[in-house]
Structure formats: C-alpha cells, structure tokens
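Q: I am new to this model and would like a close look at one part of it. Could you start there and then show me how the rest fits around it?

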Amino acid sequence: MANSDSAFRRWLRGEVDLSAELRTAEMPAPPEGERYEPRHHPALIRMIARQSHRLYVALVAVLCVVLFTVLLLAAANLPAYGDAEAPTNNQVSERYVNQGVEETGALNAVAGMMLDYRAFNTLGESFVLFAALCVVTVLMTRGRRKHPLPSETDYADYYADPIVHTMCKVIIPVILVFGVYVLVNGHLSPGGGFSGGAILSSALIIYAMVWGDERAHGAIRESTVRRTAALALGFYAVSKTCSFYMAANGLTGVASPGVPGRIFSAGLILPLNVAVGLVVCCTMYSFYMFFRRGAL
Amino acid sequence: MMTVFRVILLIGLVGCAIATAIVRKPMQAVIIYSAFSVVLAVLWITLEAPDLAVTEAAVGAGVTGTLLYLTLRRLNLIDQDEAHKEKMREEADEHGKF
C-alpha cells in the first residue's frame with residue numbers, strides 16, 4: 001500500500017498527467033510495424049482508478065448511513081398516528097372533514113380536496129404529464145417522422161397463441177369497464193382520475209402487446225390520442241378557471257354540489273375526473289407506443 | 001394478527017428494495033421492483049389508503065415495469081434463451097440480412 005500511496009502523491013504533485021491519456025488525437029501516429037506503447041504507465045493509472053473507486057464506495061457507505069440515521073430519527077420524532085395534538089390537526093383538515101361533503105358534494109374526501117379545493121394543483125400535475133408527453137413525442141420522432149423504428153423480433157407471437165389471445169379477448173373489456181368505473185365513481189369511492197386513467201391505459205397496452213403494433217396503430221389513431229389529451233386538458237383548464245371566477249360571485253348553477261352519493265353530483269368533480277383520466281390514459285399509452293415503436 | 005401481517009409486509013418491502021439494488025441483471029431488478037410496488041400497494045390498503053393502493057398497483061407495478069422492460073429491450077440488456085436466438089438467426093437468414 002505504501003507504493004500506491006506514493007503514486008497518489010505523485011499524481012498530486014503533478015508528475016503524472018492523467019488527462020494526457022485522453023488526448024489520443026494529438027499523438028503522432030505510430031510508424032508502420034511498430035507496436036504502440038503508452039507513454040505513461042497503465043498499471044499506475046489502474047491503481048489510481050482502483051483507489052478512487054475505493055474512496056467512492058467509502059463515501060457512499062458513509063452517506064447512506066448518515067441519511068438512514070437522520071431519516072430514522074426524524075420518523076421516530078413524528079407525532080403518533082391519530083394524535084390529537086399533532087400539528088397537522090389544524091383548521092384546514094378540520095374544515096375538510098366537517099364541511100367537505102357539504103361544500104363539494106363528494107363522498108370521497110380525497111377527490112373533494114384534489115379536484116375542488118386544490119383543483120389548480122391537479123391542473124398543474126396534468127400539465128406535467130402533458131409536457132412529458134410532448135417531450136417524448138419530440139425526442140422519439142426527431143428526424144424520422146413516418147419511419148418507425150425497425151420492428152423487433154418478438155420473444156413470442158402472442159397473437160398466434162390461442163390461450164393468450166382468447167384470455168385477452170375476455171379480460172380487456174373487463175379491465176376497460178373497471179377503469180371507467182374507477183374514473184366515473186371517483187367522487188364516491190376510492191380512485192379517480194389518475195388511477196382510472198392508468199387502468200384504462202393498461203388495457204390499451206395489453207391490446208397493443210398481444211395484437212401487435214400495426215393493428216394497435218390502426219385501431220387507435222395517432223390524431224385521436226393527441227386530440228383527446230389536448231381537449232381534456234383544455235376542458236379542465238377552461239372549466240376550472242370559469243368556476244373559480246364565477247363561483248366567487250355566487251354563481252353555482254352549473255357546478256352545484258347536488259345530492260352527495262348520486263353519480264351526477266359533486267359539481268365539476270365528475271367531468272374533471274374524466275378529463276384527468278383521459279390525459280393520464282393517453283400519456284401512458286403514448287409512452288408505451290413511442291418506446292416500443294418510435295411512433296404512435 | 002394485523003401487526004404480524006404488516007411486519008411481514010414491511011420486511012418484504014425492505015427485502016425487495018435491497019434486492020432491486022444488488023441483483024446483477026437489469027431484468028431481474030425490474031421484476032423485483034414490480035414486486036416491491038405490489039407489496040407497497042397491499043401496505044397502503046392496510047393503512048386505509050385505497051386510493052393510493054389502486055394507483056400504486058396500476059402505475060408502480062404495471063406501467064413503470066412495462067416502460068422499464070421496453071427500455072431494456074431497446075438497449076438489448078435482456079438475456080435471450082437459446083430458442084429465441086435460434087429463431088432470430090433463422091429469420092435473419094430468411095430475409096438475407098447477413
């Protein structure tokens with residue numbers, strides 16, 4: 001180890017120039033028939049690399065232990081679950097719990113919070129998804145529009161397999177119906193836009209996997225996916241902005257909470273759930289198709 | 001009973017998280033990561049957060065796993081068995097790629 005220590009010191013003193021190893025372009029071409037010999041000692045460089053790797057591992061270990069300890073200590077100092085004296089039990093959550101159903105008409109308090117009290121927060125999340133969709137579209141279609149990635153050899157032809165094919169015929173409609181149920185019942189039961197949209201998109205992804213890219217491309221058009229995502233997001237932004245400004249003046253005719261528990265209740269929450277779900281569904285499905293095929 | 005169940009799930013969660021980080025093959029890491037999401041979804045249900053459980057199961061176990069798998073395919077990081085290699089070779093011969 002004494003030897004390696006001195007190597008490191010030599011590097012510190014500037015006797016060994018590591019960057020010279022990278023400048024291969026400036027080196028004169030070796031004469032014909034003569035074997036290329038590196039000017040510096042490869043063994044020395046390898047030793048330095050090994051040492052810095054050891055340092056890296058040690059630092060990572062220290063960082064992990066410190067972070068682990070800090071997080072565990074923080075978790076141990078959190079107030080107990082259901083503690084009445086916890087700082088989160090303030091007037092905000094009190095209002096959500098006591099007057100949420102009355103004010104929003106949503107039995108699912110989470111949906112009432114996300115799509116009524118904090119609807120602009122959810123609008124921002126939907127815009128994040130939409131921005132991700134735009135970026136993936138730009139990156140994956142750059143320079144080869146109309147020319148999808150070369151099709152890969154599949155590990156198995158699922159369409160030719162009678163078991164997979166028949167089971168998917170049965171299961172895809174069930175998944176779709178469940179997704180619509182989660183979406184439409186978002187204000188009554190657990191679920192809502194994000195989870196319903198993810199379930200719908202998983203049905204579409206299974207369809208594209210089993211029936212093949214080409215058939216999925218024919219069945220679900222590129223323009224439909226794009227227009228659906230853009231229209232859903234636009235509807236969300238316009239309707240929520242309208243209700244935000246109009247409800248302030250007491251005009252709650254369109255978006256009245258209604259009778260809590262009915263399917264057509266809770267004002268704007270139901271259409272907003274559907275809009276968020278469509279955006280999520282289109283984004284997930286487009287991601288799959290872009291990664292798989294390079295085009296929708 | 002519930003506590004025992006929850007402790008088992010938590011141990012499984014930590015196990016899955018460590019295994020994801022230390023397994024050698026990327027495909028194994030993706031599969032174990034999906035299993036991590038499934039365990040976490042069950043944990044959300046025991047914590048009475050069914051909203052999160054549904055989303056975790058759909059996004060964490062389903063869509064994320066699919067996207068990671070597709071990325072690994074594109075990067076050719078999945079080990080292929082002999083039968084598949086043979087099939088690829090045959091198809092390449094047919095199309096005259098080599």
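Is the crossing of α6(A) and α7(A) left-handed or right-handed?

A: The crossing of α6(A) and α7(A) is left-handed, meaning that the near helix is turned anticlockwise from the far one by less than a right angle (clockwise would be right-handed). Before going on, please keep in mind that this is a predicted model, in which local features need pLDDT of at least 70 and side-chain atom pairs count only at pLDDT 80 or more, while totals for chains, interfaces and linings use all residues. Residues are numbered from 1 along each chain as its sequence is written, and chains are lettered from A and ligands numbered from 1 in the order in which they are written.

Now to the pair itself. Helix α6 of chain A covers residues 162-184 and helix α7 of chain A covers residues 193-211; helices (H or I, at least four residues) and strands (E, at least two) are DSSP runs, numbered from the N terminus. These two helices pack at an angle of about 165°, and their axes are 8 Å apart. Here an axis is a line fitted to C-alpha atoms, for helices over the stretch in contact, and angles run from 0 to 180 degrees between N-to-C directions. α6(A) and α7(A) are therefore roughly antiparallel to each other (over 145 degrees; under 35 is roughly parallel, 65 to 115 roughly perpendicular and the rest oblique).

Which residues meet there? On the α6(A) side they include A:V164, A:C168, A:I172, A:F178 and A:L183, and on the α7(A) side they include A:G193, A:I199, A:L200, A:Y207 and A:V210. Two residues are in contact if their C-beta atoms, placed from the backbone, lie within 7 Å. By class, the contact of α6(A) with α7(A) holds 14 nonpolar residues, 6 polar ones and no charged ones. In this scheme Ala, Val, Leu, Ile, Met, Phe, Trp, Tyr, Cys and Pro are nonpolar, Asp, Glu, Lys and Arg are charged, and the others, Gly among them, are polar.

Just before α6, in the loop that follows α5 (119-141) of chain A, you will find A:D161. A:D161 counts as partly exposed because it has 13 C-beta neighbours inside 10 Å; 20 or more other C-beta atoms within 10 Å would make a residue buried, 12 or fewer exposed, and partly exposed lies in between, with C-beta atoms placed from the backbone. A:D161 is 57 Å from A:M246, C-alpha to C-alpha, and the two are 85 residues apart in sequence.

Stepping back, chain A has 10 helices and 0 strands. Of its 296 residues, 26% count as buried. Among contacts in chain A between residues at least 6 apart in sequence, 75% join residues at least 24 apart. The mean pLDDT of chain A is 79, with 80% of its residues at 70 or more; pLDDT is the predictor's confidence in each residue, from 0 to 100. Within chain A, helix α1 (residues 2-13) has the lowest mean, 68, and helix α2 (residues 42-76) the highest, 91.

Chain B has 4 helices and 0 strands, and 18% of its 98 residues count as buried. Its pLDDT averages 83, with 85% of the residues scoring at least 70. Among its elements, helix α4 (residues 82-95) of chain B has the lowest mean pLDDT, 68, and helix α2 (residues 26-46) of chain B the highest, 92. In the loop between α2 and α3 of chain B sits B:E48. B:E48 is not a glycine, yet its phi is positive, about 60°. B:E48 is exposed, with 9 other C-beta atoms within 10 Å.

Finally, how do the chains meet? 18 residues of chain B are in contact with 20 residues of chain A, and α3(B) supplies the largest share of chain B's side, 14 residues. That side of chain B has 8 nonpolar, 5 polar and 5 charged residues. Helix α10 (residues 269-293) of chain A packs against α3(B) at an angle of about 15°, with axes 9 Å apart. α10(A) and α3(B) are therefore roughly parallel to each other, and their crossing is left-handed. Among the residues that meet are A:M284, A:F287 and A:R292 in α10(A) and B:V63, B:L67 and B:R74 in α3(B). The model as a whole scores ipTM 0.72 and pTM 0.71.
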